[in-house]
Amino acid sequence: MKKLLGVILVIVMALFGLAACTNGGANTSDNGSNITGESGDKNQTPGEGENKGETDKKVLVVYFSATNTTKGVAQKIQTATGSAIYEIVPAVPYTSADLNYNTDCRANREQNDSSARPAISGSVEDIGQYSTVFIGYPIWWGQAPKIIYTFLESYDFSGKTLIPFCTSGSSPIGSSATNLHSLTPNATWLDGQRFSGSAGQSAINSWVNGLNY
Ligand SMILES: Cc1cc2nc3c(=O)[nH]c(=O)nc-3n(C[C@H](O)[C@H](O)[C@H](O)COP(=O)(O)O)c2cc1C
């Protein structure tokens, strides 16, 4: 009798052991899918679950650059993020006389006029697809050029994350970025960063990699 009980016990233990192994295999497989983010739940249609997560993270780099310094930085941010890029093109281009800040030039007059909103040529196609927007500009008298104000007032940024960056002769980004916040109700602004025109790709990569967006 004892021998029979012993045999039954061994069979029961063997069956439990097999079941545990089978479950363990299934869990490993599920975890593998989640880690790589490849397949996810087969019942999900594109735009749900993991795929939606990718869509939600779509990034756009927007910049204005009168003399191409900010443009170079914007392109490096595009490389770092693998994002789309959009240049704010003034409807009336700035000539070098317009930028001659030692005179009563157009740029100075716009910066001194709180209602100035220089017109933009063209527009961003379907801005709704982007969840994060980098916004770059040159510092003009310590502030963002008024055309940046035009841009920010032209779209609905609610629910989006905005990340300002600038170039300058030496001025920090300072209040140029925080003064933009009131133009975009319900957007989240991250701290901005000033770059010199000679900023290299690795400096920009480390800034981008340190951002939480
Ligand atoms: C009208 C005007 C005002 C400027 N004001 C400042 C300033 O306050 N501080 C500063 O460091 N640089 C100032 N600069 C220099 C620009 O910020 C700098 O050259 C910038 O990198 C130019 O960028 P961009 O080539 O993309 O236009 C000014 C330039 C202009 C044209």
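In the predicted model, the buried residues of helix α5 are Lys146, Ile147, Ile148, Tyr149, Phe151 and Leu152. The helix spans residues 146–153, and because six of its eight residues are buried, α5 is largely enclosed by the rest of the structure. The packing partners of these buried residues include both strands and a helix: the strands are β1 (59–63), β3 (89–90), β4 (120–121) and β5 (132–138), and the helix is α4 (106–111).

Helix α4 also takes part in the surroundings of the ligand, as does α3 (69–81); each of the two supplies at least two residues of the shell. The shell comprises 22 residues, of which Ser65, Thr67, Thr69, Thr70 and Pro138 are the closest to the ligand. By residue class, the shell consists of 13 polar residues, eight nonpolar residues and one charged residue. The most is given by α3, which contributes three residues.

Within α3, the position of Ala74 was examined further. Ala74 has 27 C-beta neighbours inside 10 Å and therefore counts as buried, the threshold for this class being 20 or more. When neighbours within four places in sequence are left aside, the contacts of Ala74 are Val61, Tyr63, Ile85 and Gly136. Of these, Val61 and Tyr63 fall within the residue range of β1 (59–63), and Gly136 falls within that of β5 (132–138). Val62 is separated from Ala74 by twelve residues in sequence, and the C-alpha atoms of the pair are 7.5 Å apart in space.

Helix α3 further packs against α7, which covers residues 201–209; the two axes come within 9 Å and cross at roughly 60°. At this angle α3 is classed as oblique to α7, since the crossing lies outside the ranges for roughly parallel (under 35 degrees) and roughly perpendicular (65 to 115) arrangements. The crossing of α3 past α7 is right-handed. On the α3 side, the contact is formed by Val73, Lys76, Ile77, Thr79, Ala80 and Thr81, and on the α7 side by Gln201, Ile204, Asn205 and Val208. The residues of this contact divide into five nonpolar, four polar and one charged.

Taken together, α3 contributes to the ligand shell, contains the buried residue Ala74 and contacts α7.

Terms used. Residues are numbered from 1 along each chain as its sequence is written. This is a predicted model: local features need pLDDT of at least 70, side-chain atom pairs count only at pLDDT 80 or more; totals for chains, interfaces and linings use all residues. A residue is buried if 20 or more other C-beta atoms lie within 10 Å of its own, exposed if 12 or fewer, and partly exposed in between; C-beta atoms are placed from the backbone. Helices (H or I, at least four residues) and strands (E, at least two) are DSSP runs, numbered from the N terminus. Two residues are in contact if their C-beta atoms, placed from the backbone, lie within 7 Å. A residue is near a molecule or strand if its C-beta atom, placed from the backbone, lies within 6 Å of it. Ala, Val, Leu, Ile, Met, Phe, Trp, Tyr, Cys and Pro count as nonpolar, Asp, Glu, Lys and Arg as charged, and the others, Gly among them, as polar. Axes are lines fitted to C-alpha atoms, for helices over the stretch in contact, and angles run from 0 to 180 degrees between N-to-C directions. Angles under 35 degrees count as roughly parallel, over 145 as roughly antiparallel, 65 to 115 as roughly perpendicular and the rest as oblique. A crossing is left-handed if the near helix is turned anticlockwise from the far one by less than a right angle, and right-handed if clockwise.
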